[in-house]
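Work through the following exercises with the sequence and the model side by side, and try each task yourself before you read its solution.

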Amino acid sequence: MFFPSFFSKFAQGLFIIGICCFTIPAGHATDTCSKNDVLLTNNAKESIAWKKQLIGQAQQSIELSGCYCGGEIFDEFLQLIEQRLTACFELQVRILSVSDLVTPSNRRRIQTLKTTFPERFHYIETTRHIDFFPKIKIYENHAKILVVDEKYFMVGGSNITDEAI
């Protein structure tokens with residue numbers, strides 16, 4: 001099962017909220033909150049910076065569903081993940097992404113991570129499914145969520161692509 005630790009704790013109501021970020025239009029006021037409160041980002045650029053900061057501090061787990069991931073930004077995320085995997089021998093990483101924007105460079109990094117950390121790095125690409133009957137309906141992973149160390153999470157916001165910022 002993908003994201004087992006997050007979903008099992010969430011379902012039991014035991015998940016501790018550390019940071020919850022929703023992208024809001026630029027110019028809207030955001031309050032800096034104390035521990036275990038909700039913080040809001042102003043734009044995709046800020047959201048991506050916060051995600052990088054959280055990943056850069058991960059000790060136990062990184063669970064990422066970026067919806068669409070790809071480009072130089074995603075390479076930067078993968079590089080940070082490689083650094084954390086090298087530094088933290090207990091770290092587990094799970095990434096779920098639609099394949100549309102994953103570049104050849106991203107694929108090389110993903111393959112290197114899978115080869116170097118086969119028991120700790122897991123990457124799954126999702127596909128799109130379209131039903132035409134009785135009406136047109138599209139099914140795809142559109143979730144945007146990052147969970148780090150089962151303590152901090154960000155939901156909503158932007159894809160992890162160059163086009164997002």
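**Exercise 1. Strand partners**

Which residue in β6 does Leu64 stand opposite? Find this residue in the predicted model, and then work out how strand β1 is placed among its neighbours.

Solution. Begin with the pair itself: Leu64 stands opposite Leu146 in β6. This pair belongs to a wider pairing, since 5 bridges join β1 to β6, and the two strands run antiparallel. Next, look for the other partner of β1, which is strand β2 (residues 92-98); 7 bridges join β1 to β2, and here the strands run parallel. One of the residue pairs in this pairing is Tyr68 with its bridge partner Val98 in β2. Finally, consider how β1 is covered: 8 of the 8 residues of β1 are buried, so the strand is largely enclosed by the rest of the structure.

**Exercise 2. The overall plan**

How many helices and strands does the chain have, and in what pattern do they follow one another along the sequence?

Solution. Counting the elements gives 4 helices and 7 strands in the chain. Read along the sequence, they follow the pattern α-α-β-α-β-α-β-β-β-β-β. Now turn from the order of elements to the contacts: among contacts with a separation of 6 or more, 72% are accounted for by residues 24 or more positions apart. As a last step, take the surface into account: of the 165 residues, 42% count as buried, while the accessible surface of the chain comes to about 9300 Å², of which 57% belongs to carbon and sulfur atoms.

**Exercise 3. The helix between two strands**

Which handedness does the unit made by β1, helix α3 and β2 have? Check also whether the length of α3 agrees with its number of residues, and describe what covers the helix.

Solution. Follow the chain from β1 over helix α3 (residues 71-87) to β2, and you trace a right-handed β-α-β unit. For the length, use 1.5 Å a residue: the 17 residues of α3 should span 24 Å, and the end C-alpha atoms are 25 Å apart, which agrees. Then list residues of α3 that are buried, including Ile73, Phe74, Phe77, Leu78, Ile81 and Leu85. The cover over the buried residues of α3 includes α2 (44-56), β1, β2, α4 (104-116) and β3 (121-126).

One residue of this helix deserves a separate step. Asp75 lies in α3, and because its relative accessible area is 11%, it counts as buried, the limit being under 20%. If residues up to four places away in sequence are left out, Asp75 touches Ser105, Asn106 and Arg109.

**Exercise 4. A buried arginine**

Is Arg94 buried or exposed? Locate this residue, and describe two of its relations to other residues.

Solution. Arg94 lies in strand β2. With a relative accessible area of 16%, Arg94 is buried. For the first relation, compare the distance in sequence with the distance in space: Arg94 and Ile62 are 32 residues apart in sequence, and their C-alpha atoms are 6.3 Å apart. For the second, look at the side chains, where a polar contact of 3.2 Å joins Arg94 and Glu63.

**Exercise 5. Backbone angles to notice**

Where in the chain does Asp149 lie? Describe its backbone angle, and then examine Cys67 and the bond between Phe133 and Pro134 in the same careful way.

Solution. Asp149 lies in the loop between β6 (144-148) and β7 (152-155). These strands form a hairpin with 3 residues between them, in which Asp149 takes a positive phi near 55 degrees, although Asp149 is not a glycine. The strands of the hairpin run antiparallel and are joined by 4 bridges, and the bridge partner of Val148 in β7 is Tyr152. At 7% relative accessibility, Asp149 counts as buried.

Next comes Cys67, which is placed in strand β1 (residues 61-68). Cys67 has a positive phi of about 60 degrees and is not a glycine; at 0% relative accessibility, Cys67 counts as buried.

The last step concerns a peptide bond. Phe133 and Pro134 are joined by a cis peptide bond, with omega about 5 degrees, and Pro134 has its place in the loop between β4 (129-131) and β5 (137-139).

Note on methods. Residues are numbered from 1 along each chain as its sequence is written. This is a predicted model: local features need pLDDT of at least 70, side-chain atom pairs count only at pLDDT 80 or more; totals for chains, interfaces and linings use all residues. Side-chain values use heavy atoms; hydrogens and water are left out. Buried means under 20% relative accessible area, exposed over 50%, partly exposed in between (1.4 Å probe, protein chains only). Contact means heavy atoms within 4.5 Å. Accessible areas come from the Shrake-Rupley method with a 1.4 Å probe; for residues, only the protein chains shown count as cover. Two strands pair if DSSP finds at least two bridges between them. A crossover is right-handed if, with the strands pointing away from the viewer, the path from the first strand over the helix to the second runs clockwise. The expected span of a helix is 1.5 Å times one less than its number of residues. A polar contact is a pair of N or O atoms within 3.5 Å; within protein, one must be able to donate a hydrogen and the other to accept it, and residues adjacent in sequence count only if both atoms are side-chain atoms.
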